[in-house]
Amino acid sequence: MFDIILRGGEVHDGTGAAGFVGDVGIKDGLISEIGDIETNEAAEIIDVTGLVVSPGFVDMHTHSDFTLIADGRAESQVHQGVTTEVIGQCGISCAPVCSHAAIRSVSPWYTDKAKHTNWLSFGEYLDTLDASGLGVNVMAFVGHGTIHRAVMGDELRAGDPEEVAEMARLVDIAMDEGAGGFSSGLEYFPGILAAPDHLVPMCEVAAKRGRLYATHVRNRDTHYDLGFTEAMATARQSGAKLQISHIQPKFGAPSHAMEHTLEMIELARGHDVDVSFDIIPHDWAHTLMAAILPKWAQAGGVEEMLKRLADPETREKIKANPQPMWLIVKARQWEDIVLLNATVNKDIVGADFAEIGKMRGVDPYDAVLDILLEEGDNVMSTMWSSRSFQDKDLDLCLQQPECAVISDTVAIANEGVLKDHIGSLSGYGWAARFLQYYVRDRRVLGLAEGLAKITSIPAERLGLKRRGKLRAGYHADVCVFDQVNIASNVTAKHPRRYASGIAHVLVNGKLSMRDGKRTQSNAGRVVRDFAA
């Protein structure tokens, strides 16, 4: 007897194969049978005629490390069919830490409103996460930035060989305790301090265990070719499998940058470098506003950063930075940059900085620095977005068979302790927008190909066991949606609207969405068992 039969839907197994009309039988949290199931012996039969039945979506790049501690339900993800997400990206993870006080400084989207037990080790962090009532399955990478801080504190140097060896030891311990990979964020502090010589020993640990090294490269605009070749050189030297995160070039890159990058990757593969990549399905880029500061202005932590922002002379030096993280700032295209998330200034979220500058009667760059200063202790959760990506680059990437699609966002909810948080303009609708805009409306990919980008391709790359496909014996992570009506409902001024068109979502065989509404089920779990 089945627990659930999904009857009569258009079944896509996630591999890119054509769909077929059939049934999916689920028992004891697993997919038991797929095809023409003749029996009606099931605790529940759900008619899904006219709907697409696919594996639950796998988001292989998120920053929900702390938001899932604060509110494990992952409402923004579950409402758009996500059943598994991978945290600890761009060098940012919540563990390991040297003291409980350090949790705040390393945790992205930290909030004092969260109630949780404390941790030091990576394993203790995963235990705390597992106790959070998870709406999605979670795989966690350990981040270079957090490892660096555990050894070096806020020192403005990458570490000598003995200190780097200690960092590698901590990565090894974290992987023993359940970390599924290692990540770096070389455009952020403290990753910006590290060269390949510092990263290779840590990547060698990932290589030894057959796990991914995911990197936010040092540059994706003027020096895009240096950024990407550095990542490939690090992978080549260490033997690690490389995942280039959100690969699309940014504003300021030459028009041929994406095509050239793919050529470089193909050449590296010819010399046995294992390289893959992913994209954000949006022309808006997002990051911490504080990342616009040069590395010397970020040294010493939040308190020292705020002191520099309060000093008029230092502010002028900051504004004179010849190579800011976003060249769109240097070009002063303020109308294409919006405030995405703020605590003190949440009344102007969604406004662009040309508007904000006029409202305040100051130069937009001064408005940026003023807002950072006003946010105080919340400065490391203050976000902005810019129209920095191009569809032609995204289309080209999507045509590559190894390309996965990611959110680069956080799991949140529009009520509860996270109601004022936001991760990106794609946070509440990345998967829905991908299927709506790139698959259904513009037909860059067919439906079967598109679904593979957010199911089997990321699952296989990550080494997730028995997830990412609809197959007998696989975990019953399933999304049922209306291909005609699936849509993201997000705008810059209203970034917290849930996606539409999702009918049912199952996580480990339990219905977390039924008939378009969220249930009370939170059947997700921390994943610690990986295929090599």
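**Notebook: burial, backbone and strand pairing**

I began with Arg 466, which is partly exposed, because its relative accessible area of 41% falls between the 20% limit for buried and the 50% limit for exposed. I am working from a predicted model, so I treat every value below as computed from that model. Arg 466 sits in the loop between α19 (456-462) and β18 (478-481). I had picked this residue for its backbone, since its phi is positive, about 55°, although Arg 466 is not a glycine.

**Other positive phi values**

I next looked up Ala 74, another residue other than glycine with a positive phi, here near 55°. Its place is the loop between α1 (67-70) and α2 (75-78). Is Ala 74 buried or exposed? I find a relative accessibility of 1%, so Ala 74 counts as buried, whereas Arg 466 is partly exposed.

I also noted Asp 28, whose phi is positive and near 55°, in the hairpin of β2 and β3, where 2 residues lie between the strands. Strand β2 (residues 20-27) and strand β3 (residues 30-35) run antiparallel and are joined by 5 bridges. Following the pairing to the turn, I see that Lys 27 has Leu 30 of β3 as its bridge partner.

**Helix α17**

I then turned to helix α17 (residues 430-441), in which 9 of the 12 residues are buried, so the helix is largely enclosed by the rest of the structure. I listed the buried residues as Trp 430, Ala 431, Ala 432, Arg 433, Phe 434, Leu 435, Gln 436, Tyr 438 and Val 439. After the helix comes Arg 443, and I recorded a positive phi near 55° for this residue.

**Cis peptide bonds**

I checked omega at two prolines. The peptide bond from Ala 95 to Pro 96 is cis, with omega near 0°, and Pro 96 belongs to the loop between β7 (82-87) and α3 (102-106). Phe 189 and Pro 190 are likewise joined by a cis peptide bond, for which omega is about 5°. I placed Pro 190 in the loop between β10 (181-185) and α7 (196-208).

**His 144 and its contacts**

Pro 190 came up again when I looked up His 144, a residue of helix α5 (residues 144-152). With a relative accessible area of 2%, His 144 is buried, because that value is under the 20% limit. Which residues does His 144 touch, not counting residues up to four places away in sequence? I find Gly 91, Phe 182, Ser 183, Ser 184, Pro 190, Gly 191, Ala 194, Leu 199 and Met 202. Pro 190, in this list, is the proline of the cis bond with Phe 189.

**The parallel sheet**

I traced an open sheet of 6 strands with parallel pairing, and its order is β9-β10-β11-β12-β13-β17. The edge strands are β9 (142-143) and β17 (404-405), each of which pairs on one side only. At the β17 edge, I found strand β13 (residues 275-279) paired with β17 in the parallel sense over 2 bridges, and there Ile 279 stands opposite Val 405 of β17.

**Ser 512**

I looked next at strand β20 (residues 510-514), which holds Ser 512. Ser 512 counts as buried because its relative accessibility is 1%. Leaving out residues up to four places away in sequence, I see that Ser 512 touches Val 78, Val 505, Leu 506, Val 507, Lys 517, Arg 518, Thr 519 and Ser 521.

**The chain as a whole**

I closed with the totals. The chain has 19 helices and 21 strands, and 63% of its 532 residues count as buried. How does the radius of gyration of 22 Å stand against that of a compact globule? With 532 residues such a globule would have a value near 24 Å, so I note that the chain agrees. I took the extent of the C-alpha trace along its principal axes as about 75 × 50 × 50 Å.

Among contacts with a separation of 6 or more, I find that 75% are between residues 24 or more positions apart. The chain exposes about 18900 Å², of which carbon and sulfur atoms supply 49%. As a final entry, I compared the mean positions of the 52 positive and 72 negative charges, and they are 2 Å apart.

Methods
Residues are numbered from 1 along each chain as its sequence is written. This is a predicted model: local features need pLDDT of at least 70, side-chain atom pairs count only at pLDDT 80 or more; totals for chains, interfaces and linings use all residues. Side-chain values use heavy atoms; hydrogens and water are left out. Helices (H or I, at least four residues) and strands (E, at least two) are DSSP runs, numbered from the N terminus. The radius of gyration is taken over C-alpha atoms; the globule rule is 2.2 Å times the number of residues to the power 0.38. Buried means under 20% relative accessible area, exposed over 50%, partly exposed in between (1.4 Å probe, protein chains only). Contact means heavy atoms within 4.5 Å. Accessible areas come from the Shrake-Rupley method with a 1.4 Å probe; for residues, only the protein chains shown count as cover. Lys and Arg count as positive and Asp and Glu as negative; His and the chain ends are not counted. The place of a charge is taken as NZ of Lys, CZ of Arg, CG of Asp or CD of Glu. Two strands pair if DSSP finds at least two bridges between them.
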